[in-house]
Amino acid sequence: MLRLFIGLALPDHIKDQLAPMASGIPEARWIDQQNLHLTLRFIGVVDEDIAEEIHSALSKLKFRSFTLQLNGVDCFRSRNKVRSVWAGITPLASLKALRGRVESILVNTGLPPETRKFKPHVTLARLKQTKVTSVIPYLEANAGFQTRQFQVEQLVLFQSHLGHGGATYEALATYPERF
């Protein structure tokens with residue numbers, strides 16, 4: 001069984017810009033720099049046959065490259081508790097269109113449709129039972145955060161390995177494939 005998701009790998013120079021932001025919130029579990037990415041679609045746990053079908057379907061995907069830029073920080077919260085802190089991405093029609101194509105491919109392989117609204121972001125930290133008031137100073141201090149633009153030329157099929165120190169991600173394939 002494999003725990004999979006499809007995302008965009010970030011260039012090293014973007015990860016380098018994000019790395020200094022990994023402090024300033026008590027009890028936050030910061031995402032390791034090498035694991036920073038943008039998730040387009042979480043797939044979940046599937047058997048190897050389904051993973052192969054997904055890979056085969058995604059292998060036919062072609063798209064025009066486009067640029068993205070990370071812009072600002074925010075958090076996902078529920079009942080005054082913060083679950084994660086993230087860097088935002090200015091929504092682009094090309095990113096939304098690509099995400100829609102990926103979703104169609106996955107549904108056509110037999111996966112259930114994604115029910116959550118797509119909010120493009122790069123998770124910086126995960127939190128448990130942290131009050132919003134504890135995070136506000138961090139959000140205010142980093143409100144003006146912005147990266148340089150970067151080129152998106154391929155998607156990545158990632159495998160997520162869960163462990164005591166958090167998840168680590170392994171790139172299984174890229175689309176379109178580059179040699």
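1. In this predicted model, strand E3 makes the greatest contribution to the lining of the largest pocket, supplying six residues. Strand E3 spans residues 37–46. Other elements that give two or more residues to this lining are strands E1 (2–9), E2 (29–30), E6 (81–89), E7 (121–131) and E10 (168–175).

2. The volume of the largest pocket is about 1100 Å³. Its lining comprises 34 residues. Nearest the centre of the pocket lie Thr 39, Arg 116, His 121, Thr 123 and Arg 126.

3. As to the chemical character of this lining, 13 of its residues are nonpolar, 10 are polar and 11 are charged.

4. Strands E2, E7 and E6, which contribute to the pocket lining, also belong to an open sheet of four strands. The order in this sheet is E2-E7-E6-E5, and the pairing is antiparallel. Strands E2 and E5 (70–78) occupy the edges; each has a single partner strand, so one side of each is left without a neighbour in the sheet. In general, the strands of a sheet pair through backbone hydrogen bonds, in either a parallel or an antiparallel manner.

5. The pairing of E5 with E6 may be described in further detail. Seven bridges join these two antiparallel strands. Within E6, Val 82 is the bridge partner of Arg 77.

6. Helix H4, formed by residues 132–141, lies across all four strands E2, E5, E6 and E7. The helix runs at about 145° to E7.

7. Is Thr 130, a residue of strand E7, buried or exposed? Thr 130 has a relative accessible area of 5% and is therefore buried, since the cut-off for burial is under 20%. Leaving aside residues up to four places away in sequence, Thr 130 touches Pro 26, Asn 80, Lys 81, Val 82 and Val 135. Among these contacts, Val 82 is also the residue of E6 that is the bridge partner of Arg 77, and Lys 81 and Val 82 fall within the range of E6, residues 81–89. Val 135 falls within helix H4, residues 132–141.

8. Glu 52 is located in helix H2, which covers residues 48–58. With a relative accessible area of 48%, Glu 52 is partly exposed, because this class lies between the burial limit of 20% and the exposure limit of 50%. Glu 52 is separated from Leu 10 by 42 residues in sequence. In space, the C-alpha to C-alpha distance between Glu 52 and Leu 10 is 25 Å.

Conventions: Residues are numbered from 1 along each chain as its sequence is written. This is a predicted model: local features need pLDDT of at least 70, side-chain atom pairs count only at pLDDT 80 or more; totals for chains, interfaces and linings use all residues. Side-chain values use heavy atoms; hydrogens and water are left out. On a 1 Å grid over the protein atoms alone, a cavity is a set of points where a 1.4 Å probe fits but cannot get out, and a pocket is an open set with protein on both sides within 12 Å along at least five of seven lines; lining residues have an atom within 4 Å of a point. Grid points are joined across faces, edges and corners, and a volume is the space filled by probe spheres set on the points. Ala, Val, Leu, Ile, Met, Phe, Trp, Tyr, Cys and Pro count as nonpolar, Asp, Glu, Lys and Arg as charged, and the others, Gly among them, as polar. Buried means under 20% relative accessible area, exposed over 50%, partly exposed in between (1.4 Å probe, protein chains only). Contact means heavy atoms within 4.5 Å. Two strands pair if DSSP finds at least two bridges between them. Axes are lines fitted to C-alpha atoms, for helices over the stretch in contact, and angles run from 0 to 180 degrees between N-to-C directions.
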